[in-house]
Amino acid sequence: MMTAASPDGSITIGVDRVDERPHYHVRADGDTLVAPSPLGFDFEDAPPLRDGFEVIGTTGRTVDDTWTPVWGTQDTVRNHFAERTIRLREADGPERRLTLVLRAYDDGVAFRYRWPEQPNLDSLRIASEETHFRLTADHTAWWIPDDYDNYEWVYRETPLSAIRDRATAISFNSYLEDDEDRTPVRPTSKEDRPGAVNPPLTLRSPDENRYLALHEAALTDYSSMTLQADPDAPTTLRTHLVPRPNGVKVKTSVPHRTPWRVLQIADRPGGLIESHLLQNLNEPSKIGDPSWIEPMTYVGIWWSMHIGTHTWGQTDAHGATTERTKRYVDFAAEHDIDGVLVEGWNVGWESWLQDDNFDFAESYPDFDLEEVAEYGREKGVALIGHHETGGDVPSYERQMGEAFALYDSVGVPAVKTGYAGPIRPEGVHHHGQQMVNHYRRVVKEAAEHNIMLDVHEPVMGTGIERTWPHMMTREGVRGMEYNAWSEGNPPRHTVTLPFTRMLAGPLDYTPGIFNLTPEETMPDHRVRTTLSKQLANMVVLYSPVQMAADLIEHYEGEDAVEFIERVPADWSEGHVLNARIGESITIARRKKDSEAWYVGTTTNAEARILTVPLDFLDAGQSYVAHVFEDTPASDYEDNPHAYRIRRGLVTTGGTIGADLARSGGQAVILEPATAGDQEEYGALE
Ligand code: NOJ
Ligand code: CA
């Protein structure tokens, strides 16, 4: 017995011996999704652990429990799986031992390796993890390249078999469809390898009846996995771990366990989004009293630096002044927004990206941290602090204890960190083992000071927010900022992210721009959506710390700001109602501990008419729908700002029509109708 079958019996993962070597396979509903694929390791200083094993024992168990996230997209999460543990020992030689753990869930499978404590093995210098994924069809794939330092790429849609073509993998960081001749922006040292991607990798079967996502969970003291095409087998991917500067992939001691290798399996694209598999594969929360952890919406001193009207550093146009921050606090207080991010408050920005010299304890002379924090406290608005390291990790590690203590002492409950620049020491990659460990040290340090985190230039999420629920959100995405100073993000980008990057967990994309063609950056830069799509993205692009990113001046006097005032950052349940990857999406989410629903619908560069079915509403209850949407004249290129608001009564079983402009959207609030509402509104037209 070397298999595990999902609770509903539809999915199995099993291990067999092929040519003396353990191979695993995955099946669903009688179809083989992953053909027998090798497992094992090569080491720098020891013989490989690939074959010649004997099975010294297997055990199985079934777990079915339900846990309550501190925050999230659902009130409770069921963790129901069958697990099979297979203990292997080398038949000859030092008799090294290796354990395989397989899990089957109704929404996917996972497996990991464990090295138990043993007499002849006390440390590991992994040269390569030899886990292969022999996928059995040439699926349609959505992916970004295997950049070791950066996930800020536009997702590409190709056949799975096209990933191995290095040229395909490197030449596309452009929103243009016909971008084959763009200059590669990839480090040349990696060009002798076949194409590879950074997970999560999303796949659709040729018959469009199955959706898969390949990723990892619980990444701890290990390097991130990239997936490299096999030059000889068009639909096979091989694990390629991000190297340390000396080429070693992972250096650690025994006992040890790898992250889980995870395959999400769903019969509709929305199933991938609704799954909690990654979180279920992580340990329960280590935060004893999480009462200080609270989702929040925020505005910030941020976009003006990206569009160029203000600076992070001390100039005549310095953004983070006491006076300006107070205006942001006033705005937040007036509009029911929980927090204000302040970037550029501390000295060191003059040498950012040269020789970083950030001091996380010293404010610029025109910014008084205590005064501003106190002002916020009086108005019930939290400050969100900022630590831009520029990649100078040694300096940050020296300072971070005091830096978090300072924020804690003035009552700042959340900090955005950043690693925009090459990691020091040179050769260390953002996604390698040393940085995985650094990011975790920051998580632990922040917990000591009851500070929530929003990490930019992070390592990809792997579900650790279950264990560390103050690890609220992260970037790891080509976010809004690109629209301010690069060729920007294509209309399809945010209808691709929910099915790709968002599977790894919350993302700090920073939606909510109203002035989509800011004069300062025109004509070269603009945001390629309508205003209504910006609102809808506040629901679609899930983050428990959710930004409304525009300048407050751009919100003043806009009726649509009502949606930003009312949209929460924490939810009780959610359903994906429409879903075509890269084309369109509708997500309905119920506000935490409330009967109110928020529904976001968005489209790519094509205008389209979609129907939002209201089956999720309570029967016998009438709701007022507040619909923020494109007008017939809206268009992301010619008329991005145009929107209208219509209101009316709806009930379960009804629908709302969503007439979307090119790169348009619709954002809806549905709340139980009061007697007054029943009189005021007719049926929604
Ligand atoms: C890059 C981050 O993604 C962005 O949000 C931030 O403003 C800059 N770095 C400066 O820290
Ligand atoms: Ca960034």
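This briefing covers a ligand site, two helices, two single residues and some backbone features. The model is predicted. Ligand 1 is surrounded by 14 residues. Helix 6 has its buried residues on the same side, while helix 11 is mostly covered.

**Ligand 1**

- The closest of the 14 surrounding residues are Glu343, Glu388, Lys416, His456 and Glu475.
- By type, the shell holds 5 nonpolar, 3 polar and 6 charged residues.
- His456 has a side-chain N or O atom 2.8 Å from an oxygen atom of ligand 1.
- For Trp302, a polar side-chain atom lies 2.9 Å from an oxygen atom of the ligand.
- His386 also takes part: an N or O atom of its side chain is 3.4 Å from an oxygen atom of ligand 1.
- On its own, ligand 1 has 300 Å² of accessible area, and the protein covers 96% of it.

**Helix 6**

- Helix 6 spans residues 369-379, and its buried residues are Leu369, Val372, Ala373, Tyr375 and Gly376.
- These residues span an arc of only 160 degrees around the axis, so they sit on the same side of helix 6.
- An α-helix has 3.6 residues a turn, so residues three or four places apart point the same way.
- Glu370 and Glu378 are exposed, on the face turned away from the buried side of helix 6.
- Cover for the buried residues of helix 6 includes helix 5 (322-334), strand 23 (382-388) and helix 7 (393-410).
- At the N-terminal end, Asp368 acts as the cap of helix 6, with a side-chain oxygen 3.2 Å from the backbone nitrogen of Glu370.
- Gly380, just after helix 6, has a positive phi of about 75 degrees.

**Helix 11**

- Helix 11 runs over residues 531-540, and 10 of its 10 residues are buried.
- Among them are Lys533, Gln534 and Asn537, along with Leu531, Leu535 and Val539.

**His438**

- His438 belongs to helix 8, residues 433-448.
- With a relative accessible area of 0%, His438 falls under the 20% limit and is therefore buried.
- Its side chain makes a polar contact of 2.8 Å with the side chain of Tyr419.
- Beyond four places in sequence, His438 touches Val393, Tyr396, Glu397 and Tyr419.

**Ala605**

- Ala605 sits in the loop between strand 30 (597-603) and strand 31 (608-613).
- Its relative accessibility is 31%, so Ala605 counts as partly exposed.
- Outside its neighbours within four places in sequence, Ala605 is in contact with Pro491, Tyr636, Arg662 and Ser663.
- From Ala605 to Arg61 the C-alpha distance is 49 Å, with their places 544 residues apart in sequence.

**Backbone features**

- Most residues other than glycine have a negative phi, and most peptide bonds are trans.
- Asp29 is not a glycine, yet has a positive phi of about 45 degrees.
- Asp29 lies in the loop between strand 3 (21-28) and strand 4 (31-38), and is exposed at 56% relative accessible area.
- Asp221, not a glycine either, has a positive phi of about 45 degrees.
- The loop between strand 15 (211-217) and strand 16 (225-230) holds Asp221, which is partly exposed at 22% relative accessibility.
- Pro199 and Pro200 are joined by a cis peptide bond with omega near 5 degrees, and Pro200 lies in strand 14 (residues 196-204).
- Another cis bond leads from Arg424 to Pro425, with omega near -5 degrees.
- Pro425 is found in the loop between strand 24 (414-418) and helix 8.

How values were computed
Residues are numbered from 1 along each chain as its sequence is written. Chains are lettered from A and ligands numbered from 1 in the order in which they are written. This is a predicted model: local features need pLDDT of at least 70, side-chain atom pairs count only at pLDDT 80 or more; totals for chains, interfaces and linings use all residues. Side-chain values use heavy atoms; hydrogens and water are left out. A residue is near a molecule or strand if one of its heavy atoms lies within 4 Å of it. A polar contact is a pair of N or O atoms within 3.5 Å; within protein, one must be able to donate a hydrogen and the other to accept it, and residues adjacent in sequence count only if both atoms are side-chain atoms. Accessible areas come from the Shrake-Rupley method with a 1.4 Å probe; for residues, only the protein chains shown count as cover. Ala, Val, Leu, Ile, Met, Phe, Trp, Tyr, Cys and Pro count as nonpolar, Asp, Glu, Lys and Arg as charged, and the others, Gly among them, as polar. Buried means under 20% relative accessible area, exposed over 50%, partly exposed in between (1.4 Å probe, protein chains only). Helices (H or I, at least four residues) and strands (E, at least two) are DSSP runs, numbered from the N terminus. The arc is that of the directions from the helix axis to the C-beta atoms. Contact means heavy atoms within 4.5 Å.
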